[in-house]
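Q: Please take a close look at the side-chain pairing of opposite charges in this model, and then follow the thread outward to whatever surrounds it. A connected account would suit me better than a list.

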Amino acid sequence: MAAVLQAAALLMGFQSGIERFRLRSVLRSSPVPLERALVVRADGRLSAISGVMPRSVRLIPNAVAAKADTTGTSAASKPGHELLLFEALREGLDEEMERDPRVCVMGEDVGHYGGSYKVTRGLASKYGDLRILDTPIAENSFTGMGIGAAMTGLRPVIEGMNMGFLLLAFNQISNNCGMLHYTSGGQFTIPVVIRGPGGVGRQLGAEHSQRLESYFQSIPGLQMVACSTPYNAKGLMKAAIRSENPVVLFEHVLLYNLKERIPDEEYMLCLEEAEMVRPGEHVTILTYSRMRYHVMQAAKTLINKGYDPEVIDIRSLKPFDLHTIGNSVKKTHRVLIVEECMRTGGIGASLRSAIIDNFWDYLDAPVMCLSSQDVPTPYAGTLEEWTVVQPVQIVAAVEQLCR
Amino acid sequence: MLLGRSFEDMCAQMYYRGKMFGFVHLYNGQEAVSTGFIRLLTDRDTVVSTYRDHVHALSKGVPARAVMAELFGKTTGCCRGQGGSMHMFSREHNLIGGFAFIGEGIPVATGAAFSSKYRREVLKESCDDVTVAFFGDGTCNNGQFFECLNMAALWKLPIVFVVENNLWAIGMSHFRATSDPEIWKKGPPFGIPGVHVDGMDVLKVREVAKEAIARARRGDGPTLVECDTYRFRGHSLADPDELRNPDEKAHYSSRDPIAALKNYILEHSLVPESKLKAIEKNIEELVEEAVEFADSSPAPPRSQLLENVFADPKGFGIGSDGKYRCEDPGFTQGTAQV
C-alpha cells in the first residue's frame, strides 16, 4: 500500500494596510506516513496529528511575492523564481515524473506538440514517447485506457485538450474512474489525475467554454480541485499526482499566462484545503479559478468604499473545505459565492446548501450566489461579457448583503 | 467448463428462490470460449469481461464460494457484496471486471495492456503479461471497440480481443444490427490479424488462443478472435427469450461444448468414464458448498456503506480538533452520517 503523503500549506492573507505577504509552508522531501504530518494552523501554531512533533521539519517562513520594504533589492536576491502558470504546472509535472517513473501523461498533442497550452512542452524529449503519450482523438477510450493503466499500477495524468472534450469521456469518468474503487470492494485504486483547461475564454464559442465542474460534482468517488495561481497550480498538481484518489484538476484557459514568484524548494499543497486570499470582517466571498481575480478586482473597489471583505479561494471543489469556510462564516455572518458555473446545478448551488445545512445559525443574511447565466456561451464579445459575473455585479451584491 | 455450467445452473435456481436479485446474465453454452482462453493464462495475466462474467471469474481462479457470496450480496463476496453479478473483480487473480455498459471494459483492458508494455519498456521490468478482453457481438458496433482496436494496433499492445459472437444482443439479432456481420474481418483494416473460430469446440478455441496469446507475449501486438458461440438461456434471467427460433436453439444445444468434449474424451479413451463421473460429483459438491457458504455469510453491515468510496478518505482534511473532517458530524460532503 503506497504511503499516503500529506503536506499542508496555509497562505496567510495580506492585510490591506501593510501589503506584506507572508507564507508558511511545511515541506518534506520524502514521503512520510500521515500520522507524522504537520499542519500549520491559521493562527500560526504548529500541530502534529498524533500529538508528537516530528523530528525533522523544514519550515520556510517567507517565500514568494514582493514585500513593500524590499524595493532596493534586485531580482536576483529575491528567493524563488518567477514563472507563468502553465510553466508552474509543467514544473510540478516534471518533478513528479522524475520522482516516480510510474507517472505518465496521456492526451492529444501532449507529446511532440507540447500540449495545446504548452503545459507538457519539452517533456516528451526528456521522458520519451511512451511516458508522454500522444493519443488519437478518442477521449472515451484513452481515458478508459488511463483508468485501466491506473488499476494495474501506473499513475497516469490524462489531459483533455479542452475540458469540454472530456464530456466524451463521461462514461469512463463516471462509471469507471469514480466508481470502480467502491464496486471492486476496495481492491483496485485508480490514482489518475484528469486535467485540462476549461472555463469561459475569449470568444471561444459555446462548446469550448464549458465548466465541467458542475457536471462532475455528483460522481461519487471523484475528487475535484481548481487551481488559480502559479503557486497553487504547481502545489495542487503535485498533490493530485501523489493522491491515491482519482482527482480532476480544473485549470482555466485565461489563467495560463499569470506570472508569480514561487519557491525554489519542493512544496505540495493539501488538496482539500481552501486558500485564504484576504482576511476580512464584513462578508465572506467564496470563489474559485478565474472568478478569484474578478473578486479581487471588486475587492479593491469595496475597500475604497469602506467594506472589509474576506475572500476565500475554495480550491477544493469536492469536498468543500467546510472547516475554513465555516470559520469564516462564523466570523462575518454573511456569504457571497461567486462562481463561473451556470446557475443551475453548479458548484455554487451545492456550496450554498452545504453552508445552509451546517452554518444556518451563524448567518445574518441569505447566502447570495453569483453565477454565470444559464446560456450556451455566445460568441459575441459583449454577450460573452454579460454571461459571466463581472466585478461591478460583485460590488453591488456585497453592498446589498451588507445593508 | 463443467464448473461454469453447474455454477450457472445453480445461479438460476438461487435467483428463482429469491437469493439473488437484479440482472443476472448466465453463460450457459459459451463455456468453451472462457475455458479455451483463460486456462492458458498465468495468474499475472489480466482478464477483462462484461456483465456475463461469472464463468470468466471462475476460469481465472476466483473461488466459487467468493463468486456465489458476491451474487448473494454478502460481505464475503469477492467485491464485498458491493459489485454484484455484473461487477466481478479480483486483484489476486487479476480479473479487472465485470462492466455493466458494453464496450466499457475494452479501454480498461487496453490500459492494462499498456501497463504491461510500459513496465517492459520504461520501467525495464521483465514483463510479458497479456490482457484478454472478452465482449460480445453487440459491442462490435460500439465506438469504443474500434477506438481501442486502433490504439492497440498503433502501440502494439499485448492484448487479445475475444468476440463471443452468440448472434443475439438481448433481442437484436446480429444480422439486423451489423452492416458486415463478419467481425473477424474488422481486425485487418486496423492492422490486426482477425481469426474466426468455432466457439462451441473447446479444443479449437484452445488452439487459436495459444497462438494469439503467444503472439501478444512475444510483443507482436494484438489479435482479434471471433468465436462463434451461443447462449442456451436468455440474455438474462429476466429475459423471456421468445424471439429466438427454437430450431436455432436446438441446433446449438446439440453442439453443447461440454457434451462434445466428453464424447471426444470417451471416444479416444483418454480418461475412464468413472473419473469423469468423479469430476462431475466433485463439481456438484463444490457448487453446493459455495451456496452453503454464501447462505451462511453475513450481509454487509451498515458501516460498510461509506467505506471504500475513496481510496484515501483520510485526505479529506483535518479539522481544528485534529481529527479528520469526514469524521466530523458537521461535515456533509458525501460522507454524511447514515
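A: In chain B, the side chains of B:Lys204 and B:Asp201 meet in a salt bridge, with 3.7 Å from N to O; the model is a predicted one, and this distance is computed from it. B:Lys204, at 43% relative accessibility, counts as partly exposed because the value falls between the limits of 20% and 50%, and B:Asp201, at 25%, is likewise counted as partly exposed.

Another pair of chain B is formed by B:Lys281 and B:Glu285, whose side chains meet in a salt bridge at 2.7 Å, N to O. These two residues both belong to helix α11 of chain B, residues 273–296, where they stand four residues apart, about one turn of the helix. B:Glu285 is partly exposed, with a relative accessible area of 41%.

A further salt bridge, at 3.3 Å from N to O, joins the side chains of B:Asp9 and B:Arg233. Since B:Asp9 sits in helix α1 (residues 2–16) of chain B and B:Arg233 in the loop between β9 (223–228) and α9 (246–253) of chain B, the pair ties together parts that are 224 residues apart in sequence. B:Asp9 is partly exposed at 32% relative accessibility, and B:Arg233 is partly exposed at 27%.

Over all chains, the rule applied here gives 40 salt bridges. In chain A, some of the charged residues are linked in a network of salt bridges, which takes in A:Glu91, A:Glu95, A:Glu96, A:Arg99, A:Lys234, A:Lys238, A:Arg242 and A:Glu266.

What, then, of salt bridges across the interface of chain B and chain A: how many does the rule find there? It finds zero across that interface, while the count of residue pairs in polar contact between chain B and chain A, with both residues at pLDDT 80 or more, is 19. The side of chain B that touches chain A draws at least two residues from each of β2 (89–90), β3 (95–96), α5 (105–121) and α6 (143–155) of chain B, and α5(B) gives the largest share, 11 residues. Sorted by class, that side of chain B holds 26 nonpolar, 19 polar and 11 charged residues. Taken together, the contact involves 56 residues from chain B and 58 residues from chain A, and the two chains bury about 5,000 Å² between them, 63% of it on carbon and sulfur atoms.

One charged residue of helix α5 of chain B is B:Arg119. Apart from its neighbours within four places in sequence, B:Arg119 is in contact with A:Thr152 and A:Gly153 of chain A, and with B:Lys124, B:Glu125 and B:Cys127 of chain B. Of these partners, B:Lys124 lies in the loop between α5 and β4 (131–136) of chain B, and its phi is positive, about 55°, although it is not a glycine. As a general matter, most residues other than glycine have a negative phi. B:Lys124 is exposed, because its relative accessible area of 67% is over 50%.

On the other chain, A:Gly153 comes just after α3(A) and takes a positive phi of about 115°. Helix α3 of chain A (residues 139–151) has 13 residues, which at 1.5 Å a residue should span 18 Å, and its end C-alpha atoms are indeed 18 Å apart, so expectation and model agree. This helix is mostly covered, with 13 of its 13 residues buried.

Chain A also offers a polar arrangement in a buried setting, centred on A:His252 of strand β12 (residues 247–252). A:His252 is buried because its relative accessible area of 3% is under 20%. Its side chain makes a polar contact with the side chain of A:Glu340 at 2.8 Å, and the side chain of A:His252 also reaches the backbone nitrogen of A:Leu254 at 3.1 Å. Leaving out residues up to four places away in sequence, A:His252 touches A:Gly198, A:Gly199, A:Val200, A:Ser289, A:Arg290 and A:Glu340.

Key: Residues are numbered from 1 along each chain as its sequence is written. Chains are lettered from A and ligands numbered from 1 in the order in which they are written. This is a predicted model: local features need pLDDT of at least 70, side-chain atom pairs count only at pLDDT 80 or more; totals for chains, interfaces and linings use all residues. Side-chain values use heavy atoms; hydrogens and water are left out. The expected span of a helix is 1.5 Å times one less than its number of residues. Buried means under 20% relative accessible area, exposed over 50%, partly exposed in between (1.4 Å probe, protein chains only). Contact means heavy atoms within 4.5 Å. Buried area is the accessible area (1.4 Å probe) that two parts lose on being put together, summed over both. A salt bridge is a side-chain nitrogen of Lys or Arg within 4 Å of a carboxyl oxygen of Asp or Glu. A polar contact is a pair of N or O atoms within 3.5 Å; within protein, one must be able to donate a hydrogen and the other to accept it, and residues adjacent in sequence count only if both atoms are side-chain atoms. Ala, Val, Leu, Ile, Met, Phe, Trp, Tyr, Cys and Pro count as nonpolar, Asp, Glu, Lys and Arg as charged, and the others, Gly among them, as polar.
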